[in-house]
Amino acid sequence: MITPTLPASPDATESSDESLTNWALAARHGDSAAVDHLMRALHRDVLRYVAYLGADPQAVDDLAQDTFLRALGSLHRFEGRSSARTWLLSIARRAVIDSYRRAAVRPRLSDVQDWQLAVELAQPQGLPGFDDGVALLDLLAVLPDERREAFLLTQLLGLPYEEAAELSNCPVGTVRSRVSRARATLVDLLAEGGAAHTP
């Protein structure tokens, strides 16, 4: 069995796509240290991605855990044709889609008179950057799903347009167009006073 060459130090090139892919290939062959390193290196990216794609902020940790469980179950099929980051984010995308499907068939019950007020009161407040995060989520929520996804993948997660196109199952030019339109919409919303305006 041939094991791919691993980076000399896990800290030196922790987030480069090539080293992550090498770690994934090593993990595929049963290297438990490589599995641990890969999951730790990509944990934050997965959390951010599912947080922005998912509608329920309370489910982010569950979606990330589901993503990693799915990845571990299918690690033996990873062949390195795409980067490990792209592979894992595509699994995260499917986990979010599946959660939407499950939520659509599950009835929601509430025994509170004003459930919106109850949700607002349950949200954490006074945390550093919390208001900025809420404002960003409000702005991103205004974008159509395709534009939001393209913007998140390229601008917040820093993926190249080619990988974002692969994740989104569309041409690179379409991703570029979606990002450009998302930027224009966000700039217009900020100029008009934020997320209060809905197109």
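**Close-up views of a predicted all-helix chain**

**Figure 1. Asp98 pairs with Arg101 inside one helix.** Asp98 and Arg101 form a salt bridge, with 3.4 Å between the closest N and O atoms. The model shown here and in every view below is predicted. Both residues belong to helix H4, where they sit three residues apart, about one turn of the helix. Arg101 counts as exposed, at 56% relative accessibility. Asp98 is partly exposed, at 22%.

**Figure 2. Asp98 also reaches Arg70 in another helix.** A salt bridge joins the side chains of Asp98 and Arg70, at 2.8 Å from N to O. Asp98 lies in helix H4 (residues 84-105) and Arg70 in helix H3 (residues 60-74), so this pair ties together parts that are 28 residues apart in sequence. Arg70 is partly exposed, with 25% relative accessibility. Asp98, at 22%, is partly exposed as well. Which residues make up the network around this pair? Asp66, Arg70, Asp98 and Arg101 are linked by salt bridges.

**Figure 3. Glu79 and Arg81 form a further salt bridge.** The closest N and O atoms of Glu79 and Arg81 are 3.6 Å apart. Is Arg81 buried or exposed? Arg81 is exposed, because its relative accessibility of 75% is over the 50% cut-off. Glu79 is partly exposed, with a relative accessible area of 46%. How many salt bridges are counted? The count comes to nine.

**Figure 4. Thr21 is a buried residue of helix H1.** Thr21 is found in helix H1, which spans residues 17-28. Its relative accessible area is 10%. Thr21 is therefore buried, as the cut-off is under 20%. What does Thr21 touch beyond its neighbours within four places in sequence? Its contacts there are Phe78, Gly80, Ser82, Ser83 and Ala84. Of these partners, Ala84 falls at the start of helix H4 (residues 84-105).

**Figure 5. Helices H7 and H8 pack against each other.** Two packed helices are described by the angle and the distance between their axes. Helix H7 covers residues 145-156 and helix H8 covers residues 161-168. Their axes come within 9 Å and cross at roughly 145 degrees. The crossing of H7 and H8 is right-handed. Which residues meet across this contact? H7 contributes Glu149, Leu153, Thr154 and Gln155. H8 contributes Tyr161, Ala164, Leu167 and Ser168. By class, the contact of H7 with H8 holds four nonpolar, three polar and one charged residues.

**Figure 6. Ser168 is buried at the contact of H8 with H7.** Ser168 lies in helix H8. At 10% relative accessibility, Ser168 counts as buried. Setting aside residues up to four places away in sequence, Ser168 touches Arg93, Glu149 and Leu153. Glu149 and Leu153 are among the H7 residues that meet H8. Arg93 falls within helix H4 (residues 84-105).

**Figure 7. Val172 of helix H9 contacts residues of helix H8.** Val172 has its place in helix H9 (residues 172-191). Its relative accessibility is 27%, and Val172 counts as partly exposed. Which residues does Val172 touch, not counting those up to four places away in sequence? Val172 touches Tyr161, Glu162 and Ala165. Helix H8 runs over residues 161-168. Val172 and Glu162 are ten residues apart in sequence. In space, their C-alpha atoms are 5.7 Å apart.

**Figure 8. The whole chain gives context for the close-ups.** The chain has nine helices and zero strands. From the N terminus on, its elements run α-α-α-α-α-α-α-α-α. What share of the 199 residues is buried? The buried share is 38%. The chain exposes about 12000 Å², and carbon and sulfur atoms supply 53% of that area. Among contacts between residues at least 6 apart in sequence, 61% join residues at least 24 apart. The salt bridge of Asp98 with Arg70, shown in Figure 2, links parts 28 residues apart.

Conventions. Residues numbered from 1 in each chain as written. Predicted model: local features only at pLDDT ≥ 70, side-chain atom pairs only at ≥ 80, totals over all residues. Heavy atoms only, no water. Salt bridge = Lys/Arg side-chain N within 4 Å of Asp/Glu carboxyl O. Helix = DSSP H or I, 4+ residues; strand = E, 2+ residues; numbered from the N terminus. Buried < 20%, exposed > 50% of the residue type's maximum accessible area, 1.4 Å probe, protein only. Contact = heavy atoms within 4.5 Å. Areas by Shrake-Rupley, 256 points an atom, 1.4 Å probe, with all protein chains shown as cover. Axes fitted to C-alpha atoms, helices over the stretch in contact; angles between N-to-C directions. Left-handed = near helix turned anticlockwise from the far one by under 90°. Nonpolar A, V, L, I, M, F, W, Y, C, P; charged D, E, K, R; others polar.
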